[in-house]
Amino acid sequence: MLAYPFLFIAVYFESFVLVTLLSKPARAARTRTKSEATPSVAVIVPCWNEAATIGATCESLLALEYPKGKLEIILVDDGSTDATPEAMARFAEHPQVRILRKENGGKHTALNAGIALTNADLVGCLDADSFVEPDALREIVACFDDPKIVATTAAMSIHKPGNILQHMQNAEYSFGITLRHTFASLNGLYVTPGPFSFYRRNTVNELGGFRYGHQTEDMEMALRIQKAGYGIGNAPYARVYTKAPGTIRALIKQRTRWISGFLRNMFGDYRGLIGNRRHGVLGMLVLPTALLAIVSGIGLFLLTLFLFARNTLTALSIRAGIPFSYAFLPKMQFDWFYFPTSFYTILAVIVVIISISLIVVGKRISKTPGNIMPGLVSYLLLYGFIVPFWLIRATSDVAFGKRRGWRY
Amino acid sequence: MSLAARNALIALFITLVLAGTVAYAINYLNRARVAELSTIEDQLSIDTLSLDTQFSLLETAPCDSAASSTTLTSELADFGNRLSYAENQLGNDDAQVIRLKERYSLLEIRDYLITKRLAQACGIKPVTVLYFYSNSGDCPDCDKAGYALSYLRNTFPALRVYSFDYNLDLGALKTLITVEKVKNSLPAFVINGKHSYGFTSLEDLEKQFPKGSLSTSTSPR
């Protein structure tokens, strides 16, 4: 019975996403044409020990289909201790690239240092482990035709998923594409992710630039934009690829950072957004559901674990002393009479089916190349088992005031 | 009305329709289960009556109906399994489940009596087990005992196991309990007239059976 409200809310949330996806603003965003406008743009790449990927990241930016005179790339070395400076030096003579080296101060200081160097109309951020499609910037710029939009997000996928964990994240990111596209149509976004989010420079300056945001500066800035009453858009065809953690340990560390950052921002400066009607769907649905998802993720996991342990112990106790062949080997005959049908099971299956649909929709909307099937399989097999670990870790970190390092 | 509010209402409507459909489908399936049980029970009633009649008709050669009796016992066991599953799904206080349990218990008693008559008339020695349980929470070992008996019945199909809910409010069952002198100490077993109470292990339960009766090479009949 404890699980029913959570499942009901999950079905409700997914139904809301599906309905909004079919609504006029979302449809209009999907049919939006690339802008002919070419405002000046600066892409800031904050780096801290990114020697391995900064070169390819910069190459992908230089390949963007945008007037060369209107696009500058600012590589900010935030006090790297590896070969990042040497990797950056390769682009020192490039007319579009500027390199800035500063003492380590965190991502927000690197972004602010980059912004201070430019007079571009739009400033964007690209994490140094991410790569963009050549037409991505054109798609992004089109969103700024709407004067209410002060920031825009892209459609993120995983760069060359190699193992089952990365495929799982690819499916999850595809789900994220759908959610971001859907909620952008109702101004319900609360993160402008590091990979290729853009801002009107004047607005960033007006809001005081980037701040320390509990290691989630992109979320802090988005929440500040929303609090100020501005709009955040999404360009579903602006494809950007980011490297994903390849081990469970690294993934849990990354997500612990994200979730604990979210909780600290939510219970810190931005608690006023939760349940606030002035902030529409963000205040009334998105943020409450995001918080509830953490509670339900932990709650359902612990409940499932308890029920599984209890039922297993009961089953073992009942079967004790009975020959293995009878007690534990499956009886290979189907009889509809014994087919398990409970309200809980069927609602859970509905939630999973809609989730899969939203993952596939995300891939279709963004026209992201590649096969999503390995992602779907690994998502179904692994996701529900791994998520509770970072939810529990992040929640406990916040509860006990524990801070962790950035890197995974 | 804003677009978000409109979508929120539509989503709520969809969610309610989905939840309602799921509830209806589950209820429909459970009713279909009960309907199937009723059909099986009707057929078993006819089979029991038929066997009883056959037995009376063949007074000169009553043993010709012994094969039918074995089949009937096996069908009764299957019916019992389904009833037990339905009871888990619908709850042991469901009126239809209770009615079916009462009729099932009556069929078991009838089959038990026929088996005894056949044994006397034909000189065969079936192994019969009367098993009394309770699912009111006062019998912690009943699940283990029931599972062990299911295993024995599955392994030795000639074994005739009759399971009764000790607390079922049914006159014939109360009479059987009185006649067989079964105490309210569950789980209780009456194996070929010999009483035993409680369950410790399959091994201990097997010791209660007549020697050689739990052997696939020995016909219990």
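Me: Across which strands of chain A does helix 7 (residues 164-184) lie, and how does it run relative to strand 6 of chain A?
Reply: Helix 7 of chain A lies across strand 6 and strand 8 of chain A, and runs at about 155° to strand 6 of chain A. The model is predicted: local features need pLDDT of at least 70, side-chain atom pairs count only at pLDDT 80 or more, and totals for chains, interfaces and linings use all residues. Residues are numbered from 1 along each chain as its sequence is written, while chains are lettered from A and ligands numbered from 1 in the order in which they are written. Helices (H or I, at least four residues) and strands (E, at least two) are DSSP runs, numbered from the N terminus. Angles run from 0 to 180 degrees between N-to-C directions, with axes as lines fitted to C-alpha atoms, for helices over the stretch in contact. Contact requires C-beta atoms, placed from the backbone, within 7 Å of each other.

Me: How do you know that strand 6 (residues 149-158) and strand 8 (residues 231-242) of chain A pair?
Reply: Two strands pair if DSSP finds at least two bridges between them. Strands 6 and 8 of chain A share 8 bridges in the parallel sense, so the criterion is met. One of the bridge partnerships is that of Ser157(A) with Tyr241(A) in strand 8 of chain A.

Me: What makes strand 3 (97-102) and strand 5 (130-132) edge strands in the sheet of chain A?
Reply: The open sheet has 8 strands in the order 3-2-1-4-7-6-8-5, with mixed pairing. Strand 3 and strand 5 of chain A each pair on one side only. From one strand to the next, the twist averages 30°.

Me: Why is helix 6 of chain A called largely enclosed by the rest of the structure?
Reply: A residue is buried if 20 or more other C-beta atoms lie within 10 Å of its own, exposed if 12 or fewer, and partly exposed in between, with C-beta atoms placed from the backbone. In helix 6 of chain A, 8 of the 8 residues are buried, so the helix is largely enclosed. Among them are Arg138(A) and Glu139(A). These buried residues pack against strand 1, strand 5, strand 6, strand 7 and strand 8 of chain A. Helix 6 (residues 136-143) runs at about 175° to strand 8 of chain A.

Me: Why does Ala32(B) count as exposed?
Reply: Ala32(B) has 12 C-beta neighbours inside 10 Å, and the limit for an exposed residue is 12 or fewer, so it falls in that class. Ala32(B) belongs to helix 1 (residues 3-57) of chain B. Its C-alpha lies 21 Å from that of Ile46(B), which is 14 residues away in sequence.

Me: Which residues touch the most other members of the largest nonpolar core?
Reply: A nonpolar core is a set of buried Ala, Val, Leu, Ile, Met, Phe, Trp, Tyr and Cys residues joined through C-beta atoms within 7 Å. The largest has 115 residues, of which Ile44(A), Val45(A) and Ala222(A) touch the most other members. Helix 7 of chain A gives the most to this core, 9 residues. Apart from this core lies another of 42 residues, including Leu130(B) and Cys142(B).

Me: How many residues does each chain bring to the contact between chain A and chain B?
Reply: Chain A brings 25 residues and chain B brings 28. On the side of chain A that touches chain B, helix 1 of chain A has the largest share, 7 residues. By class this side has 17 nonpolar, 7 polar and 1 charged residues. Here Ala, Val, Leu, Ile, Met, Phe, Trp, Tyr, Cys and Pro count as nonpolar, Asp, Glu, Lys and Arg as charged, and the others, Gly among them, as polar.

Me: What elements does chain B contain, and why is it called more spread out than a compact globule?
Reply: Chain B has 6 helices and 4 strands. Its radius of gyration is 22 Å, well over the 17 Å that the globule rule gives for 221 residues, so it is more spread out than a compact globule. The radius is taken over C-alpha atoms, and the rule is 2.2 Å times the number of residues to the power 0.38. The C-alpha trace of chain B spans about 85 × 40 × 35 Å along its principal axes.

Me: Why is one side of strand 2 (160-165) and of strand 4 (194-197) of chain B left without a neighbour in the sheet?
Reply: The 4 strands of this open sheet follow the order 2-1-3-4, with mixed pairing. Strand 2 and strand 4 of chain B stand at the edges with a single partner strand each, so one side of each has no neighbour in the sheet. The twist averages 15° from one strand to the next. Strand 1 (residues 128-133) and strand 3 (residues 188-191) of chain B run antiparallel and are joined by 4 bridges.

Definitions and conventions. Two residues are in contact if their C-beta atoms, placed from the backbone, lie within 7 Å.
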